[in-house]
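Visitor: I would like a close look at a single part of this model. Please start from one residue and work outward through whatever connects to it.

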Amino acid sequence: MRSTVWTAPTAAVMLMVAACGGGGSGVIEVADSWASSTPPNAQTAAIYVQIENGTDADDRLADVTIDRCDAIELHTTNIDDARIMRMRLATPEALVIPAGETLEMEPAGLHIMCIGLDAPFRAGEHLDLDIALESGTRFRIITPVENR
Ligand SMILES: [Cu+2]
């Protein structure tokens, strides 16, 4: 009898995974995003988005616009020979969002760099991000500023 009791819930969970799960769900979407709060007089701020590609075609992050930034760059972070963290412009390869996978941004990794803030980013504020992919897909997302 025990196996009978557990069969139904297990089947339900598997159906949900099939309906919502990454690869093959057919959509590309921003799964999560946040911006780091800044000290007063900061000239730059980092923003992180996770872009989930549920389609069966690769895509690429092409452009990001935020009205509170004079300019936007996409950066990767490397540790140099002196063990100092250095940011550099992301290569086109680093911005690919492979089919069925997620482009992940994180502190000390890939990030969106906001250059020339209009004012410090304070926790609790929200930013409007316009994101364009190489395929032509565009997102407008609202991103919280957080103290992390
Ligand atoms: Cu940077």
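Guide: Contact here means heavy atoms within 4.5 Å. The model is predicted. Our starting point is Ile 66, in strand β3. Leave aside its neighbours within four places in sequence. Ile 66 is then in contact with Ile 47, Ile 72, Leu 127, Asp 128 and Leu 129. Is Ile 66 buried or exposed? Ile 66 counts as buried, because its relative accessibility is 2% and the cut-off for buried is under 20%.

Two of those partners lead into the core. Ile 47 and Leu 129 are among the residues that touch the most other members of the largest nonpolar core, which has 34 residues. Val 49, Ile 51, Leu 61, Phe 121 and Ile 131 are also in that group. Strands β1 (28-36), β2 (44-53), β3 (59-66), β4 (69-79), β8 (111-117), β9 (126-133) and β10 (138-146) each give two or more residues to this core. The largest share comes from β2, with six residues. In soluble globular proteins, nonpolar side chains tend to be buried together.

Take Leu 61 as a second view of the core. Residues up to four places away in sequence are again left out. Leu 61 touches Ile 51, Leu 74, Leu 95, Ile 97, Leu 103, Met 105, Ile 131, Ala 132 and Leu 133.

Met 105 and Leu 103 bring in a polar residue, Gln 50 of strand β2. The side chain of Gln 50 reaches the backbone oxygen of Met 105 at 2.9 Å. Gln 50 also touches Glu 29, Val 30, Ala 31 and Asp 32, as well as Thr 102, Leu 103, Glu 104 and Met 105, not counting residues up to four places away in sequence. Gln 50 is buried, because its relative accessible area is 15% and the limit is 20%.

Now return to Ile 66 and go another way. The C-alpha atoms of Ile 66 and Cys 114 are separated by 7.9 Å, although the residues are 48 apart along the chain. Which residue does Cys 114 bond to? Cys 114 forms a disulfide with Cys 69, with the sulfur atoms 2.0 Å apart. The count of disulfides comes to one. The pair links distant parts of the chain, since Cys 69 is in strand β4 and Cys 114 in strand β8, 45 residues apart. The link is left-handed, with -110° about the S-S bond. Cys 114 counts as buried, because its relative accessibility is 0%. Cys 69 is buried too, with a relative accessible area of 10%.

Next to Cys 114 in sequence is Met 113, a donor to the copper ion. Its protein donors are His 75 (ND1), Met 87 (SD), His 111 (NE2) and Met 113 (SD), at 2.1 to 2.3 Å from the ion. The arrangement is tetrahedral, because the four donor atoms subtend angles of 90 to 123° and the accepted window is 85 to 135 degrees. The ideal tetrahedral angle is 109.5 degrees. The donor spacing in sequence is H-x11-M-x23-H-x1-M. Both His 111 and Met 113 are buried.

Two loop residues finish the tour. Arg 83 is in the loop between β4 and β5 (85-89). Arg 83 has a positive phi of about 60° and is not a glycine. Arg 83 counts as exposed, at 74% relative accessibility. Ala 108 is in the loop between β7 (102-103) and β8. Its phi is also positive, near 65°. Most residues other than glycine have a negative phi.

Methods: Residues numbered from 1 in each chain as written. Predicted model: local features only at pLDDT ≥ 70, side-chain atom pairs only at ≥ 80, totals over all residues. Heavy atoms only, no water. Core = buried A, V, L, I, M, F, W, Y, C linked by side-chain atoms within 4.5 Å. Buried < 20%, exposed > 50% of the residue type's maximum accessible area, 1.4 Å probe, protein only. Helix = DSSP H or I, 4+ residues; strand = E, 2+ residues; numbered from the N terminus. Disulfide = S-S within 2.5 Å. Donors = N, O, S within 2.8 Å, 3.2 Å for Na, K, Ca; no water. Tetrahedral: all angles 85-135°; square planar, octahedral: opposite > 155°, others 65-115°. Polar contact = N/O pair within 3.5 Å; in protein donor to acceptor, adjacent residues only side chain to side chain.
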